[in-house]
Amino acid sequence: MIRHLVLFKLNEGVRRDDPRVVEGVAAFRALGGQIEDLRFWECGWNISDRPIAHDFAINSAVEDADALKRYLEHPAHQAGVALWREFATWVIADYEF
């Protein structure tokens, strides 16, 4: 199995209630039910107020590298990424477990 972790940081001046952010969150929340290769899917807002913390996180899992590739190329995932590019940056970690 491969864990796929993504941590998002909203761009300066962008708030959680920005309509673009609301749309982006909805798009990512829906992925768990749209992409068959996902074996585990959760996402949510950070609750820590530490300055080093990111704002939003995705924690997911797929069976193998081929499944990860299919997930990343899936049109629903690509559509969500396109939304988030407008208002955030992110870091990713993919690891076997």
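Which residues in α2 meet which residues in α3? Select Tyr-71, Leu-72 and Glu-73 on the α2 side, then Pro-75, His-77 and Gln-78 on the α3 side; these are the residues that meet. The model on screen is predicted.

**Stop 1: the α2/α3 contact**

Keep those residues displayed. Sorted by class, the contact of α2 with α3 has 3 nonpolar, 2 polar and 1 charged residues. Now show both helices in full: α2 covers residues 65–73 and α3 covers residues 75–84. Their axes come within 5 Å and cross at roughly 55°. The two helices are therefore oblique to each other.

**Stop 2: a salt bridge inside α2**

Stay on Glu-73 and add Lys-69. Their side chains meet in a salt bridge, with 2.5 Å from N to O. The two residues are 4 apart in helix α2, which means a separation of about one helical turn. Lys-69 is partly exposed, at a relative accessible area of 47%.

**Stop 3: the other salt bridges**

The count for the structure comes to 5 salt bridges. Side chains of opposite charge can pair when their charged atoms come close.

Select Arg-39 and Glu-63 next. The closest N and O atoms of this salt bridge are 3.2 Å apart. Arg-39 sits in strand β2 (residues 38–45), while Glu-63 is in the loop between β3 (56–62) and α2. The pair links distant parts of the chain, 24 residues apart. Arg-39 is partly exposed at 45% relative accessibility, and Glu-63 is partly exposed with a relative accessible area of 39%.

Then move to Arg-20 and Asp-18, whose side chains meet in a salt bridge at 3.0 Å, N to O. Is each partner buried or exposed? Asp-18 is buried, its relative accessible area being 18%. Arg-20 counts as partly exposed because its relative accessibility is 36%.

**Stop 4: the aromatic residues**

How many aromatic pairs does the structure hold? There are 9 aromatic pairs. For one of them, select Phe-8 and Phe-28: the ring centres are 5.6 Å apart and the planes are at 40°, so the pair is tilted. Phe-8 belongs to strand β1 (residues 2–10) and Phe-28 to helix α1 (residues 19–31), so this pair ties together parts that are 20 residues apart in sequence. Both Phe-8 and Phe-28 are buried.

Extend the selection to Trp-45, Phe-56, Trp-84, Phe-87 and Trp-90. Together with Phe-8 and Phe-28, these residues form one aromatic cluster.

**Stop 5: Leu-5**

Go back to strand β1 and pick Leu-5, which has its place there. Leu-5 counts as partly exposed, at 28% relative accessibility. Which residues is Leu-5 in contact with, leaving aside its neighbours within four places in sequence? They are Ile-58, Asn-59, Val-91, Ile-92, Ala-93, Asp-94 and Tyr-95. For Ala-93, add a distance label between C-alpha atoms: Leu-5 and Ala-93 are separated by 5.2 Å there, and lie 88 residues apart along the chain.

Terms used. Residues are numbered from 1 along each chain as its sequence is written. This is a predicted model: local features need pLDDT of at least 70, side-chain atom pairs count only at pLDDT 80 or more; totals for chains, interfaces and linings use all residues. Side-chain values use heavy atoms; hydrogens and water are left out. A salt bridge is a side-chain nitrogen of Lys or Arg within 4 Å of a carboxyl oxygen of Asp or Glu. Buried means under 20% relative accessible area, exposed over 50%, partly exposed in between (1.4 Å probe, protein chains only). Axes are lines fitted to C-alpha atoms, for helices over the stretch in contact, and angles run from 0 to 180 degrees between N-to-C directions. Angles under 35 degrees count as roughly parallel, over 145 as roughly antiparallel, 65 to 115 as roughly perpendicular and the rest as oblique. Contact means heavy atoms within 4.5 Å. Ala, Val, Leu, Ile, Met, Phe, Trp, Tyr, Cys and Pro count as nonpolar, Asp, Glu, Lys and Arg as charged, and the others, Gly among them, as polar. Rings of Phe, Tyr and Trp (its six-membered ring) pair if their centres lie within 6.5 Å; planes under 30 degrees apart count as stacked, over 60 as edge-to-face and the rest as tilted.
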